[in-house]
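Reader: I should like to understand how the terms used for a structure are justified. Would you take me through them, one by one?

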Amino acid sequence: KPSINVNLPEAGSGDESSPSKLSIGIAADGAATLNGKATTEEEIKAYATDLAKQKPDAQAIISADKDVTHGRVVAIIDAVKSAGVKKFAITIDKKK
C-alpha cells in the first residue's frame, strides 16, 4: 500500500498509544493522510466530526514529520478538536 515517509521526531518520554480510527500523517511538505490515504484538512474535519458523534471518546493519532512547520500541526489538531475529538496523541520515535 502507498505511504508517505514521515521522519518522526525523537523524544525520551512517551507512552504506547492505543490503535485509532483517526490516524493522521503529515509529511515534511505538509501533505496530509487520513488512515493511510491522501486527504485534505476539510476531509479530516468531516471524518472526525462523524467519528466523534459515533464514539465520543475517540482519539486522534497524529504522526508529523519532524520538519513540518509547527503551524501546520496546530492547524490539523485544531481541525480535529473543533470537530469534537478531544483526545489526541502525537507519535514519536523513542530516543535510543
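Author: The chain holds two helices and seven strands. From the N terminus on, these elements follow the order β-β-β-β-α-β-α-β-β. Please keep in mind that this is a predicted model.

Reader: What share of the chain counts as buried?

Author: Of the 96 residues, 33% count as buried. The accessible surface of the chain comes to about 6200 Å², and 51% of that surface belongs to carbon and sulfur atoms.

Reader: Among contacts between residues at least 6 apart in sequence, what percentage join residues at least 24 apart?

Author: The share is 77%. A contact here requires heavy atoms within 4.5 Å.

Reader: Why is Thr39 called buried?

Author: The term buried applies under 20% relative accessible area. Thr39 has a value of 17%, so Thr39 is buried. This residue lies in strand S4, residues 37-39. Leaving aside neighbours within four places in sequence, Thr39 is in contact with Ala32, Thr33, Leu34 and Ile44.

Reader: Why does Ile90 count as partly exposed?

Author: Partly exposed covers the range between the buried limit of 20% and the exposed limit of 50%. The relative accessibility of Ile90 is 43%, and therefore Ile90 counts as partly exposed. Ile90 belongs to strand S6. Its contacts, with neighbours within four places in sequence left aside, are Ile62 and Ile77. Ile90 and Ile24 are 66 residues apart in sequence, while their C-alpha atoms are 9.5 Å apart in space.

Reader: How do you know that the span of helix H2 is close to the expected one?

Author: Helix H2, residues 70-82, has 13 residues. The distance from its first C-alpha to its last is 18 Å, close to the 18 Å expected at 1.5 Å a residue. After H2 comes Gly84, which has a positive phi near 110°.

Reader: Which residues of H2 are buried, and what makes them line one face of the helix?

Author: The buried residues of H2 are Val73, Ile76, Ile77, Ala79 and Val80. Seen down the axis of H2, they fall within an arc of 155°, so they line one face of the helix. They pack against strand S2 (22-26), helix H1 (41-54), strand S5 (59-64) and strand S6 (87-90).

Reader: Why is S5 described as largely enclosed by the rest of the structure?

Author: Five of the six residues of S5 are buried, so S5 is largely enclosed by the rest of the structure.

Reader: How do you know that S5 and S6 pair?

Author: Two strands pair if at least two bridges are found between them. S5 and S6 have four bridges and run in the parallel sense, and therefore they count as paired. In these bridges, Ala60 has Phe88 of S6 as its partner. The chain passes from S5 through H2 to S6 in a right-handed β-α-β crossover. Another bridge sets Ile62 opposite Ile90 of S6.

Reader: How many bridges join S2 to S5?

Author: Five bridges join these strands, which run parallel. The requirement for pairing is at least two bridges, so S2 and S5 also satisfy it. One bridge links Ser23 with its partner Ile61 in S5.

Technical notes:
Residues are numbered from 1 along each chain as its sequence is written. This is a predicted model: local features need pLDDT of at least 70, side-chain atom pairs count only at pLDDT 80 or more; totals for chains, interfaces and linings use all residues. Side-chain values use heavy atoms; hydrogens and water are left out. Buried means under 20% relative accessible area, exposed over 50%, partly exposed in between (1.4 Å probe, protein chains only). Accessible areas come from the Shrake-Rupley method with a 1.4 Å probe; for residues, only the protein chains shown count as cover. The expected span of a helix is 1.5 Å times one less than its number of residues. The arc is that of the directions from the helix axis to the C-beta atoms. A crossover is right-handed if, with the strands pointing away from the viewer, the path from the first strand over the helix to the second runs clockwise.
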